[in-house]
Amino acid sequence: MSQDFHKKQRFFSIIELGSAPFIAGQGPPQFANGMVTSAPLVSARNVSIRNCVLGLSSHHGIHGNDIDGVTIENLIIKEFEAGGVALNGASNVLLQNLDIGPSLIQTFGAKLSHAIFMDHIVNTLMPNAVPSIASLMACTNVEIRGSNWTVEKRFAQLRADLQDFMVGSGGPLLSVMGSGSALPDG
């Protein structure tokens, strides 16, 4: 990953051994919700990953669910946040001659992931998938730190603040998101 993409894409594996990072009905809403992700997981079968170096990743070097017949050998996997290799429900796997680590020691925390997911769900998915919610957001008021907002305007402000933060790592979200120098959550 480039540094810029690393900041923006907080859930990423260099090699994903399947069509999705979760089995059906699992994970955050954008993966678990049938309206958004309706196709079943297609898992890798009879795969060899050999003789390479996997670097910067905001989650895993290699990740897979319900895989079968996978060989991973002669790899260096480094600069990941959650894990070098994560295989769930795997069968017939050979892991050989792997140099895993070090993981990242400085990055952004889960708050940035949550803000990105929330922005996407509220400002992109919900208005298109459930228009009635969008109309409710326009007329529902909330009080935050003594100021009244419509839900729609508060989420629009979150989007603007998030875009400013992503471009320059500053603005009103800096105190919440940090500078990217915290330990990884993983």
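**Figure 1. Asn88 and its surroundings in the predicted model.** Asn88 counts as partly exposed because its relative accessibility is 39%, a value that falls between the limits of 20% for buried and 50% for exposed residues. The structure shown here and in the following views is a predicted model. Asn88 lies in strand β5, which comprises residues 83-88. When residues up to four places away in sequence are not counted, Asn88 touches His63, Gly64, Asn65 and Asp66. One of these contacts, Asp66, is separated from Asn88 by 22 residues in sequence, yet the two C-alpha atoms are 6.1 Å apart in space.

**Figure 2. The largest nonpolar core.** This core contains 14 residues. The members that touch the most other members are Leu112, Phe155, Leu162, Phe165, Met166, Leu173 and Met177. Two elements, α3 (110-129) and α5 (151-168), give two or more residues each to the core. The largest share, six residues, is supplied by α5. Another core lies apart from this one; it has 11 residues, including Ala44, Leu54, Ile67 and Phe80.

**Figure 3. Contacts of Leu162.** Leu162 is among the core residues that touch the most other members. With its neighbours within four places in sequence left aside, Leu162 is in contact with Leu112, Ala115, Ile116, Asp119 and Leu173.

**Figure 4. Packing of α3 against α5.** The two helices pack at an angle of about 135°, and their axes are 10 Å apart. The angle makes α3 oblique to α5, because it lies above the range of 65 to 115 degrees for roughly perpendicular axes and does not exceed the 145 degrees beyond which axes count as roughly antiparallel. The crossing of α3 and α5 is left-handed. On the α3 side, the contact is made by Leu112, Ala115, Ile116, Met118, Asp119, Val122, Asn123 and Thr124. On the α5 side, Phe155, Ala156, Leu158, Arg159, Leu162, Phe165 and Met166 take part. Sorted by class, the residues of this contact are 11 nonpolar, two polar and two charged.

**Figure 5. Packing of α3 against α4.** Helix α4 spans residues 131-139, and α3 packs with α4 at an angle of about 120°, with axes 5 Å apart. This angle makes α3 oblique to α4. From α3, the contact involves Val122, Met126, Pro127, Asn128 and Ala129. From α4, the contact involves Pro131, Ile133, Ala134 and Met137. By class, eight of the residues in this contact are nonpolar and one is polar, while none is charged.

Technical notes. Residues numbered from 1 in each chain as written. Predicted model: local features only at pLDDT ≥ 70, side-chain atom pairs only at ≥ 80, totals over all residues. Heavy atoms only, no water. Core = buried A, V, L, I, M, F, W, Y, C linked by side-chain atoms within 4.5 Å. Buried < 20%, exposed > 50% of the residue type's maximum accessible area, 1.4 Å probe, protein only. Helix = DSSP H or I, 4+ residues; strand = E, 2+ residues; numbered from the N terminus. Contact = heavy atoms within 4.5 Å. Axes fitted to C-alpha atoms, helices over the stretch in contact; angles between N-to-C directions. Parallel < 35°, antiparallel > 145°, perpendicular 65-115°, else oblique. Left-handed = near helix turned anticlockwise from the far one by under 90°. Nonpolar A, V, L, I, M, F, W, Y, C, P; charged D, E, K, R; others polar.
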